[in-house]
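Visitor: I should like a close look at a single part of this model, a place where two helices meet.

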Amino acid sequence: MVLNKFQMKSINNKIALIFFLVFFSSTLTQAQEVIKDSVVAPVKKVKSSQRQKIDGVIATVGDYIILDSDIDKSYLEISGQGGSIKDITRCQMLGKLMEDKLYAHQAVQDSIKVTDAEVKGLMEDQLSRMVAQIGSLDKVVEYYKKNSEEEFKSYFFDILKEQRLTSEMQKKIVEGVEITPEEVRNFFKSIPKDELPQFGAEMEVAQIVIEPKISDAEKQKVIDKLNSFKKDVEEGSSFSTKAVLYSKDPGSASNGGFYKMNRKTAFIKEFKDVAFSLQEGEISAPFETIYGFHIIYIEKIKGQEIELRHILLTPSVSEEEVNAAKEKITLIRNKIIDKKITFADAARAESDQKETKANGGVLINPKTQDTRFELTKMDPSLYSQVSNLKDDSISQPFLDSDENGKKTFKIVTVTNRINEHTADYATDYIKIKELALKEKQIKAIGKWFDEKIKETYVKVLGEYRDCTFTNNWIKK
């Protein structure tokens, strides 16, 4: 099957998928100290003379050890996330844990920097989510079977730091891997016709966006409030506390407005320009971006990286301004229906969304950077807006709010429909290119494992030495 081409060399497909979901998306990692027998997969039976465990240590990879209980925890985490552990052996689970340890170990050897401040910021963010889910920090500590908040935070800090090291090492391995058109063509030709991927039904969508205008008086209110925050902080108040209480940025408010960035970090230009113009300990004047008004406080400058906190406020919009925006977009829709202007030309002339107006309002799929949206993977809110639209029809104006609470009026149309089909090189080039690149990245990772295992101290103990690993952990 063609899917086998996209499996990581180091682990089977099921393990890869489950661990991707659990270890990189879950906010409740390493949740328990003990595990019920009912969720532990059996260990392959071995000779009694091989059952050697030193305080539960079953493997060592570089500077890291793995305990037998770590496998139990991994089963528990997968079960807790709704995953199936039925076909995952303890040998496979150990193999994956050893991979993670090798990533983290090599990250340290390669001097990949993961600062304590970065980990603390990540921990605070995840703790706030956990508290929201469970009810209180005391309950979180109890859930993790720890004796105190201090013990839990130390334990959780180490876990998150190792995960960040693992993630950064993985990025470093594949960041330089590129694919040429010739390699994409050869990749596609290598797939047997009866194993070509099947792509689901897709559609291309365009939209016109009209933003209610914000009065100068409302903008000034927000600017004055941010200036008052700045003055309070300069007189001794906590910037972090102000951000928690007042910032409208969902990505950082609960973390005291904290961000770590360099000039390549994916922030909008206006924000980066202000951030890199400030000195350590300095607070910016209020400035405007598409998200609202900000102030930035620089905590630390470390070479090319800065650690900052910021507060975002958004001006309120009056009912009159909302009604005016709705009237404007209704008139635009009527002109399109009356064929006085095309949807694309109206988007270019009237839409307030900079990202789409130059392209005639056509939306870009954020997951694929393509213009197509697969129906089964489409964002539910977008699907609800276009699912009932017929060809060339235009939705009624509707009020939409983004994650920051910013309100806009939109009309949408479906510009193209692609039925479910077998992969075609010309039609699906972008998807095929992504698959080819992924295969090349997997080969790069496999080569990396082969080289680093030879260079690294690795020890597997007791019954686990009889495991059949994909990687050469036993160094036979």
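Visitor: How do α6 and α15 lie with respect to each other, roughly parallel or roughly perpendicular?

Guide: This is a predicted model, in which local features need pLDDT of at least 70 and side-chain atom pairs count only at pLDDT 80 or more, while totals for chains, interfaces and linings use all residues. Residues are numbered from 1 along each chain as its sequence is written, and side-chain values use heavy atoms, with hydrogens and water left out.

Two packed helices are described by the angle between their axes and the distance between the axes. Here the axes of helix α6 (residues 149–174) and helix α15 (residues 429–455) cross at roughly 110 degrees and come within 9 Å. The axes are lines fitted to C-alpha atoms, for helices over the stretch in contact, and angles run from 0 to 180 degrees between N-to-C directions. The helices α6 and α15 are therefore roughly perpendicular to each other (angles under 35 degrees count as roughly parallel, over 145 as roughly antiparallel, 65 to 115 as roughly perpendicular and the rest as oblique). Their crossing is right-handed, that is, the near helix is turned clockwise from the far one by less than a right angle. On the α6 side the contact is made by M169, I173 and V174, and on the α15 side by Q441, A444, I445 and W448; contact means heavy atoms within 4.5 Å. By class, this contact has 6 nonpolar residues, 1 polar and no charged. Ala, Val, Leu, Ile, Met, Phe, Trp, Tyr, Cys and Pro count as nonpolar, Asp, Glu, Lys and Arg as charged, and the others, Gly among them, as polar.

As for the setting, the protein chain has 15 helices and 13 strands, which are DSSP runs numbered from the N terminus (helices H or I, at least four residues; strands E, at least two). Of its 476 residues, 46% count as buried, meaning under 20% relative accessible area, with exposed over 50% and partly exposed in between (1.4 Å probe, protein chains only).

The structure also holds 1 disulfide, a pair of cysteine sulfur atoms within 2.5 Å. The disulfide joins C91 to C467, with S to S at 2.0 Å. C91 lies in helix α3 (residues 90–109) and C467 in the segment after β13 (458–460), so the pair ties together parts that are 376 residues apart in sequence. The torsion about the S-S bond is about -70 degrees, so this disulfide is left-handed. C91 is buried at 12% relative accessibility, and C467 is buried at 4%.
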